[in-house]
Amino acid sequence: MHAALVDRPGSCIRRLGGTRAGEMQFTRFLRNGSVTATAMAEHAAERTAARVAGRDVLVVQDTSELALGGRRAKANGYGPVGKGGALRGLLLHAVLAVDAGTGAVLGLVDAPVRNRSGGKVKSRRSRTTAQKESQRWLDGTARAGAVLAAARSITGVSDRESDIYEHFVQCPANMHLIVRACQNRRIEADDEEQTRLLFAHVDSLPEQGRFSVEIPAAPGRAARTGELAVRFGRVELRRPLHGASDLPPATTVSVVDVRETSATEGEKPIHWRLLTTHTVRSLADAQRIVGLYRMRWVIEEYFHTIKTAGFSIEQADIADPEVMIKLVAAIAIAAVTVMQLVKARDGTTDQSLLEAFEPADQPILEAVSARLEGKTARQQNPHPKGSLAFAAWVIARLGGWTGYYDKPGPKTMRRGLDDFQRIKYGTTLRLQDV
């Protein structure tokens, strides 16, 4: 099923199966009570663990809500019912391992899929983190520390939702964290000060320097070069007043504040307050933290691939939530392969072809590459044979990329993988005697 998802990305079981027999095979697999989304994710994590030895690894995690069938699934007792008898949808919390130096997607660490349970809950302040959905951030970090133990270093990167006191206090000993601040927390202050808040303290820090970054295009935003002013220092975060009485009274972290000074009228300037367990003593240290945080964007590209650019998971219309959860888990694993090709397209990830393809695929890819190459330099495959970049060039050309315009994205790679599957199947055919 994984091979079918990679070769023919999509969420239609009938199309994935290819034949009636294949459709029934996949249907029975997903409906088998012995098959679980957790087991799929654990198997994917084992493969990821084998790739990280000796690497500096970035762990990026985030949550995405899936509106199934292009709408909210109708009420069936598996989640809370809102207006119009609609469920809130499934939640996929993906934890990805990325090479901190090259940006190569190494694999999936975890991918729990859940449907929110119904019923009223107690006030937020009267609940511990373990009783909230926020626990997923702590679980993802703990899982990463265990799965990626062979890595040279591990740094977890996440956005504002993960700004949780326990996240810093309970971080595994073999990991560091970079979290974008959301809470204007109380911090330890001088004796003469009664209370001091984090944001006011950061604003009072002296500027330590400036540097320029390329800000990529995004919906509603054109690409631009931005100048960032940097402040940094060490702070002691105080324990929250509610729901954390059993935690240490304070924990020390570094804070890196970056503010865009070059934004023109009509452009929303960048402003990040980053909390990290890394020690930051210089402008170079602060730049490194900012660079690692910017790599968090890979998780947004990953969700885009799952939802619209490759697998169209939200168009699936499977009535049984348990079966749908398994399909989401399978697609979450297969989407990593598409992401690996997208990231490998420039030849900067230094990955082997075998991280995404079978050994028997290499001669086929080389033969197809020779047929696709043209006379100009841009029409030549510039990457060494046996590399994932070489394969990515072939798949992108099969998907319609000419080599002259924008870089190939997930949609192009998806189409190319589909074409490659047909070519691969063609090599197995033999003429039969009439």
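The exercises below, each with a worked solution, deal with the strands, cores, largest pocket and loops of one predicted model.

Residues are numbered from 1 along each chain as its sequence is written, and side-chain values use heavy atoms, with hydrogens and water left out. Because the model is predicted, local features need pLDDT of at least 70 and side-chain atom pairs count only at pLDDT 80 or more, while totals for chains, interfaces and linings use all residues.

**Exercise 1. State the secondary structure content of the protein, the share of its residues that count as buried, and the share of its contacts that join distant parts of the sequence.**

Step 1. The protein has 13 helices and 12 strands, where helices (H or I, at least four residues) and strands (E, at least two) are DSSP runs numbered from the N terminus.

Step 2. Of its 434 residues, 49% count as buried; buried means under 20% relative accessible area, exposed means over 50%, and partly exposed lies in between, with a 1.4 Å probe and protein chains only.

Step 3. Among contacts (heavy atoms within 4.5 Å) between residues at least 6 apart in sequence, 64% join residues at least 24 apart.

**Exercise 2. Place strand 10 among its partners, and decide whether it is enclosed or open.**

Step 1. Two strands pair if DSSP finds at least two bridges between them. Strand 9 (residues 209–215) is joined to strand 10 by 7 bridges, and the two run antiparallel, with R210 standing opposite A229.

Step 2. Strand 10 is also joined to strand 11 (residues 250–260), by 11 bridges and again in antiparallel fashion; here R234 stands opposite S254.

Step 3. In strand 10 (residues 224–238), 11 of the 15 residues are buried, so the strand is largely enclosed by the rest of the structure.

Step 4. G226 lies in strand 10 and counts as buried at 1% relative accessibility. Leaving aside residues up to four places away in sequence, G226 touches F211, S212, V213, I215, E260 and S262, and its C-alpha atom is 8.6 Å from that of I270, a residue 44 places away in sequence.

**Exercise 3. Which residues of strand 9 point to the buried face, and which to the other?**

Step 1. In a regular strand the side chains alternate between the two faces of the sheet.

Step 2. In strand 9, G209, F211, V213 and I215 point to one face and are buried, whereas R210, S212 and E214 point to the other face and are not buried.

**Exercise 4. Describe the largest nonpolar core, and follow L108 and A332 through their contacts.**

Step 1. A nonpolar core is a set of buried Ala, Val, Leu, Ile, Met, Phe, Trp, Tyr and Cys residues joined through side-chain atoms within 4.5 Å. The largest one has 87 residues, of which L108, V256, Y302, I313, F357 and I395 touch the most other members. Helix 10 (residues 321–344) gives the most to this core, with 18 residues.

Step 2. A second, separate core has 33 residues, including L106, F168, I187 and L237.

Step 3. Beyond four places in sequence, L108 touches A44, A45, T48, V95, L96, Y302, A332, I333 and V336.

Step 4. A332 lies in helix 10 and is buried, with a relative accessible area of 0%. Beyond four places in sequence, A332 touches L92, L108, A111, Y302 and I306, and its C-alpha atom is 9.8 Å from that of M40, although 292 residues separate the two along the chain.

**Exercise 5. Which residues lie nearest the centre of the largest pocket, and which elements supply its lining?**

Step 1. The lining has 40 residues, and P216, R221, W272, R294 and W297 lie nearest the centre.

Step 2. Strand 9, strand 12 (271–276), helix 8 (283–294), helix 9 (297–309) and helix 10 each supply at least two residues of the lining.

**Exercise 6. Compare the settings of S312 and D350, in which phi is positive.**

Step 1. S312 is not a glycine, yet its phi is positive at about 50 degrees; S312 is found in the loop between helix 9 and helix 10 and counts as partly exposed at 27% relative accessibility.

Step 2. D350, also a residue other than glycine, has a positive phi near 55 degrees; D350 is placed in the loop between helix 10 and helix 11 (361–372) and counts as exposed at 71% relative accessibility.

Terms used
On a 1 Å grid over the protein atoms alone, a cavity is a set of points where a 1.4 Å probe fits but cannot get out, and a pocket is an open set with protein on both sides within 12 Å along at least five of seven lines; lining residues have an atom within 4 Å of a point.
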